[in-house]
Each structure stands twice: as C-alpha cells, then as structure tokens.
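User: I'm new to this one and would like a quick tour. Could you walk me through it?

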Amino acid sequence: MPTNAQKDYYALLGVKKTATSDDIRKAFRKLARKYHPDVNPGDKKSEEKFKEISEANDILSDEKKRKVYDQLGFYSDQIDPAQAAAYARQQQGGSPPIDFGGFDFSGFQGEGRGFGGGAQQQSNQSGWGGFRDIFSGIFSGGGGQQQRPRGPQPGTDLEYAVNVDFWTAIKGGTARLSIQKQELCPTCHGHAASGGSTTCPECNGSGQVTQMGGRMKFNLQCPRCNGSGKVQVSCVTCHGDGTVTRNEPVEFRIKAGTRDGQRIRLQGRGNAGINGGQAGDLFLTIRMGSHPVFQRDGDDIFLSVPVTVAEASLGAKVEVPTIDGRSQLKIPPGTQSGQKLRMRERGVPSAVREGTRGDQIVTVNVVVPQLHDERSREIMRELAQLHTDDPRKELFNKL
Ligand SMILES: [Zn+2]
Ligand SMILES: [Zn+2]
C-alpha cells in the first residue's frame, strides 16, 4: 500500500511523536551537524540524509504543518488545515476513506506527472513524494463544491467606534452602544441542523465521490456526508449558519483618563462561534467629544484665557478654569498676548501611567479696553508719551 510509503519524520529525527518543538530543534541541529554537505563533501548518502532531515525539520518545526502531517501522515502546502482536520476525524470514524480502486501503483514509479519526481531519487520511499500532491488536490476541494465546515469554528471579531463625551473620558464612567452581532441560533443552538436528514447532494446518496489525480481515478468516501449518503437538514431559523444576527446593547467601563482613539478589547463579546467554537472579541475605538473651553491633547489640557492690559503689564494673580474647578494662575509682569503659561500637573490624570497627570497650558489673550470717557483716553495718551518705543521697529529692521 502506498500509505506505508509515507515518511516517518519523527523517526528520521529520532524523536517521539510527543516531542516538543524544542526537542525537535535540538534533534535536527545534532543530525544536521553530522550530515551537513559541508562536513561530508561528495558523500551522496549523507547529502540524501541531510535532505530528509531538513524536510522533516521543515514540517515538524512548523506548528501548522506538523498538525496537518500528524493528521494525514503527509504534508503539502496545498492542503487546507481545516480540511485535514475534517479528514482526520473522518478516519477516526472507521472505514478506510480512500479507496484506490484496485490500481497497481508499482508501475507508476518514476513515470508520468506527479510520480517519482525524477531519476535522482534512489529509494522507493522518496519515490512516493509526488503522491502527496495528488492527495492535496482532493483536500483543497478540487470539485469546487462548497463544504460547510463541521468542526468548531471560532467567531469573528467585531470593531466599533464609540462616542464618549469629554468628561466621561477624563473622569471615567460607563458608556453604552448598540452593536449588531452573530449569536448562537436559539433553535438549533449552533448545530445548524434540524435533526432530520436528506440525501447528500454531493454524492447523490452513494457515499462516494470520484476524484481525478493526474491520469488516475480515485474513489473517495464522500467528504460531505462521511460516506453515509445522507446529510442533515439545515435549521429553518438560521438556514444552516448556526448563528443569527441580533442587535445587542453593550455597556462597558471607561477608565479615567481614556484618550481619543484608544482601543478597548472586550474578550468574547464578538460574534459567536459555531459547533462549540470560541466567540470572537469586540474592539471599541474611543471617539472623545469636544468641550467649548478645554481642548485636550493626550493628557494635556489647552485653553485660552483673556487678561486685561493692566494684568498683563503689571502682573497679576487671576482665576482660571481647570478640569478640577477654579484655580489661581500667576501672570508675570510684561506678559504678551499669545504667550503660553504652563500649569504643571493640572491636566488629565493618566490612564496609562498611574499617579501621573498632564499639564494645563494657558494661552494668554490680552484684551484691549474700549475707552469711552475722556479721562481714560487722557491717561492712555500720557502713557504713550512715557513709552515712545516703536514696536514695529524690529519688523522694518528685518526687511
Ligand atoms: Zn455524500
Ligand atoms: Zn439554527
């Protein structure tokens, strides 16, 4: 039987089937040092051995490839892991799934497409290498039939943007939104079937399908009905999906200091899995609302504060708003309009670095008084006479 000709990668590396990836790596390194072509120049046997152990290492050191190999006894890049898993389950069911229809394989050695792989291959063993590629055609669903996966299927993740008002993001609280998600079908509880059965549409009830592999014809156990010739009738509620789409209200905690654009993950709140598969996650991206006075950038708060000419020129202590209420700000004498004053640690308490908070940055906006009485105008003219410096002098000097 050709199945006996499949390579035992574990034996090649001299490790047990239960070997860890570390065991495999160590075993391969040890053998590689012994059989490497550089160490054995011109030694064909060593070269062949090195190729074999490299192949074994390539498959067994890759978790996905190893799984397929464990399930099928061979590996090909064209094999879909989900279908390999389905095949493995099918095999556990009992009857031999692949029927070679009485072909004599001995005559195919080295002949035709897909077999042998050329004259360089010395052992019969490696001669069957190409055989795997024919199998792969079977597992990659060559017939173009859409098969419903029968194993546990994890649910997909969901991504939503949530609008959170300015204060909730700063102080923390709860936020709500409504999402649309796939939930387990209440009728069939995710089994996707009603309990009744009907003739399998793929094999028309025969339990077998025919697959071409090169010039050969294989009779296979029907993958859709596992050879029984019957398939289960789809659930009327979910039409065989196992899930239904529902609107669901979601309420979640917002941590104090949450920033605009921050992403929150709610594990297991995404779409339901089917056949016992895990639910996906729900990802929420925070869109923070704005405020008429405060602008926020990260943990810093920005705002513009009007001051009088007297306060700006003489210096003053003025009251300014902060996110915690009113606070005193010292305006130094001679402060110019547009100047920025930093109020340390008056910004947002950080959600990332516990115990730290941002700053508040105040932009001074000097308000020029409208003078409606003669006395005020007189004082201003007097002041002008005391300060005859031309503030535009620099401007012209730079021309
Ligand atoms: Zn069938
Ligand atoms: Zn259902």
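Here is a short run of questions and answers about this structure, which is a predicted model.

User: Let's start broad. How many helices and strands are in the protein chain?

Analyst: Keep in mind that we're looking at a predicted model. Of the 399 residues in the protein chain, 23% count as buried. Among contacts with a separation of 6 or more, 62% are between residues 24 or more positions apart. As for the elements, the count is 11 helices and 16 strands.

User: Which residues touch the most other members of the largest nonpolar core?

Analyst: In general, nonpolar side chains tend to be buried together in soluble globular proteins. Here, H1, H2, H3 and H4 each supply at least two residues of the largest core. That core has 17 residues, and the ones touching the most other members are Leu-13, Phe-28, Ile-53, Val-68 and Tyr-69.

User: Which residues is Ile-53 in contact with, leaving aside its neighbours within four places in sequence?

Analyst: Ile-53 is one of the buried residues of H3. The buried residues of that helix pack against H1 (9–13), H2 (21–35) and H4 (63–72). With the sequence neighbours left aside, the contacts of Ile-53 are Leu-12, Leu-13, Phe-28, Leu-31, Ala-32 and Tyr-35.

User: Within what arc do the buried residues of H3 fall, seen down its axis?

Analyst: H3 covers residues 44–60 and reaches 24 Å from its first C-alpha to its last, close to the 24 Å expected. Its buried residues are Phe-50, Ile-53, Ala-56, Asn-57 and Leu-60. An α-helix has 3.6 residues a turn, so residues three or four places apart point the same way. The buried residues of H3 line one face of the helix, because seen down the axis they fall within an arc of 130 degrees.

User: Now the open sheet of 3 strands: which strands stand at its edges?

Analyst: The order in this sheet is E2-E10-E9, with mixed pairing. Two of its strands have a single partner strand each, so one side of each is left without a neighbour in the sheet. Neighbouring strands here are turned by 30 degrees against each other on average, direction ignored. The edge strands are E2 (158–164) and E9 (263–266).

User: And what is the bridge partner of Arg-265 in E10?

Analyst: Strands of a sheet pair through backbone hydrogen bonds, either parallel or antiparallel. E9 and E10 (residues 282–288) run antiparallel and are joined by 4 bridges. In E10, the partner of Arg-265 is Phe-283.

Terms used. Residues are numbered from 1 along each chain as its sequence is written. Chains are lettered from A and ligands numbered from 1 in the order in which they are written. This is a predicted model: local features need pLDDT of at least 70, side-chain atom pairs count only at pLDDT 80 or more; totals for chains, interfaces and linings use all residues. Two strands pair if DSSP finds at least two bridges between them. Axes are lines fitted to C-alpha atoms, for helices over the stretch in contact, and angles run from 0 to 180 degrees between N-to-C directions. The expected span of a helix is 1.5 Å times one less than its number of residues. A residue is buried if 20 or more other C-beta atoms lie within 10 Å of its own, exposed if 12 or fewer, and partly exposed in between; C-beta atoms are placed from the backbone. The arc is that of the directions from the helix axis to the C-beta atoms. Two residues are in contact if their C-beta atoms, placed from the backbone, lie within 7 Å. A nonpolar core is a set of buried Ala, Val, Leu, Ile, Met, Phe, Trp, Tyr and Cys residues joined through C-beta atoms within 7 Å.
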